[in-house]
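Visitor: I've got a structure to look at and some questions about how its pieces pack. Could you walk me through it?

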Amino acid sequence: MKTASPFQFSSLRRRTILLAAQTALACSGLAAWTSHAKSMATPAGPDGYPHNGRVVIVVPFAPGGATDIIARLVADELGKRWGTAVVVDNKPGAGGGIGTEYVARAKGDGYTLLLGTQTALAVNPVLLKKVGYNVDKDFAPITELADTPLVLLASKKSGATNLQELTAAIKSKPDAISYGSSGNGTSQHLTTLMMLERIGGKAVHVPYKGSSQSLVDLAGNQIDMQFDNMATALAFARNGQAKALAITSLKRSPLQPDLPTLSEAGVPGFEAVTWLGLLAPGATPAPVVQYLNKEVVSILNTASVQERLAAQGFTARSMSSEHFRKFIRDETVKFDKLIKSNNLTID
C-alpha cells in the first residue's frame, strides 16, 4: 500500500480549500443576485399575486399590429417589475371577437388579461346582432392604456388640398365622393360617418378587408378619401401617395405639428380617437384588479414608456378601474347613437 507524500497531501489540501472558496464565492454571488432581484421587483400583490403563476395578456389580433406592440410593451414592463413571466398570446379572428370572448370565459384569477379594443368593447356590442360576451358582466376593466388619432387622407383624384376643398366637393356632388375603410363598423368607417354628419354631406362607402388594400386604391386614385391610423397615414403622405388634410385629435400631433386638427380646419370640436385598454375576466377579485391598476398606471406614467408609445403615434392614458368602466359605457352610448342614426347593421 502506497503512502501519499507530504507534497500530495499539501496539494490535495490546497485544492480542497480552493474549491470551498469558489463555492462560497458562488453562493455569495447568488445571494447577492437574489437580493438584487428581490429589491428590483415590486412586492407581491394580494395572496402572493402574481408570483405563483404566469400572467398572460391575450391580444385578439395577429402579431405585429399596434395592439400587439402595446401589449408586449406592457408585458415587458410588468415582467421587469414583478420578476416573473408576463407573456402575450395572440388569438386573432372575427374582428377581435375570438380573443375577447376567450378572456370573457377565462378563470377570474388575474392570470389571464385582455388587451381590449374600442371596436370589441364599445362598437361591436351595439353594431352586431350577436356577440359572445357582455362587456359589463364578463369583464373587470383595469385601465385605459393609450389612444391615437386618425389622419384624413385625400387622393390626387379628389383634387382636395385641404379640408375646406374636400367639404365643398362632398356637398356639391352628393354620393360622388367615395371613401375607403378596413370594413363596416371599423374606426375608419365610423369616423368618416361622424365627419359627414357634422358637415352635412354624403359619400359612398367602399369597405375593404384591410386598410392596406384600401390605401393602395387611395394612392391609385380608385377612391377619394380615407381615415387611417397616424403612423401609416403619415407614411403615405410623406411618400406623396396621398395628401394628409387633418388629424382627428383636438390637439396637433408632435409627429406632424404642421398638420391641422379637424376642429381647426372647419369642424369645430371634432374629436375621434381609437383607444386600447387592459381588462380582466369579470370574476377577478377586486383587490387583484386594484393592484393591477396601480402597477400598470405606474408603468404608463414613466417617461420611457410614454416616449415608446409616442413613437408609435399613441398617447399614454391611465385612469382608475371605475373610471375606465364608465368610459367604456359612455363610448358605447356614443357609438350606439351614431350607428342607429346611420341605420348600420351587420349580421
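Guide: Sure, here are a few questions and answers on this predicted model.

Visitor: Before trusting any details, what is the mean pLDDT of the protein?

Guide: Watch out for two stretches, residues 5–12 and residues 25–40. The pLDDT is below 50 over residues 5–12, and below 50 over residues 25–40 as well. Still, 87% of the residues reach 70 or more, and the mean pLDDT is 87.

Visitor: Which residues of strand S3 are buried on the side of Leu-113?

Guide: In a regular strand, side chains alternate between the two faces of the sheet. S3 covers residues 112–117, and six of its six residues are buried. One side holds Thr-112, Leu-114 and Gly-116. The other side, also buried, has Leu-113, Leu-115 and Thr-117.

Visitor: What is the bridge partner of Val-58 in S3?

Guide: Strand S1 (residues 55–59) runs parallel to S3, and three bridges join them. Val-58 pairs there with Leu-114.

Visitor: And which residue of S9 stands opposite Gly-116?

Guide: S9 spans residues 273–281 and runs antiparallel to S3, with four bridges between them. Opposite Gly-116 you'll find Gly-277.

Visitor: Are the buried residues of helix H8 on one face or not, and what is the arc?

Guide: H8 runs over residues 211–219, and its buried residues are Ser-214, Leu-215 and Leu-218. Looking down the axis, these residues line one face of the helix, because they fall within an arc of 100 degrees. On the other side, Ser-212 and Val-216 are exposed. So that's one face, with an arc of 100 degrees.

Visitor: Which helix is part of what covers the buried residues of H8?

Guide: The cover includes three strands, S4 (139–154), S5 (178–181) and S7 (225–229). Also included is helix H9 (230–238).

Visitor: Is the pair of Trp-275 and Phe-327 stacked or edge-to-face?

Guide: Trp-275 is in strand S9 and Phe-327 in helix H13 (residues 321–341), 52 residues apart. Both are buried. Their centres are 5.1 Å apart, and the 65 degrees between the planes is over the 60 cut-off, so the pair counts as edge-to-face.

Visitor: What about Phe-324 and Phe-327, stacked or edge-to-face?

Guide: These two lie in H13, three residues apart, about one turn of the helix. The centres are 6.4 Å apart, with 25 degrees between the planes. That angle is under the 30 cut-off, so the pair is stacked.

Visitor: Which ring does the charged end of Lys-91 sit over?

Guide: The charged end is 4.4 Å from the centre of the ring. The ring belongs to Tyr-102.

Terms used. Residues are numbered from 1 along each chain as its sequence is written. This is a predicted model: local features need pLDDT of at least 70, side-chain atom pairs count only at pLDDT 80 or more; totals for chains, interfaces and linings use all residues. Side-chain values use heavy atoms; hydrogens and water are left out. pLDDT is the predictor's confidence in each residue, from 0 to 100. Contact means heavy atoms within 4.5 Å. Buried means under 20% relative accessible area, exposed over 50%, partly exposed in between (1.4 Å probe, protein chains only). The arc is that of the directions from the helix axis to the C-beta atoms. Two strands pair if DSSP finds at least two bridges between them. Rings of Phe, Tyr and Trp (its six-membered ring) pair if their centres lie within 6.5 Å; planes under 30 degrees apart count as stacked, over 60 as edge-to-face and the rest as tilted. A charge sits over a ring if NZ of Lys or CZ of Arg is within 6 Å of the ring centre and within 35 degrees of the ring normal.
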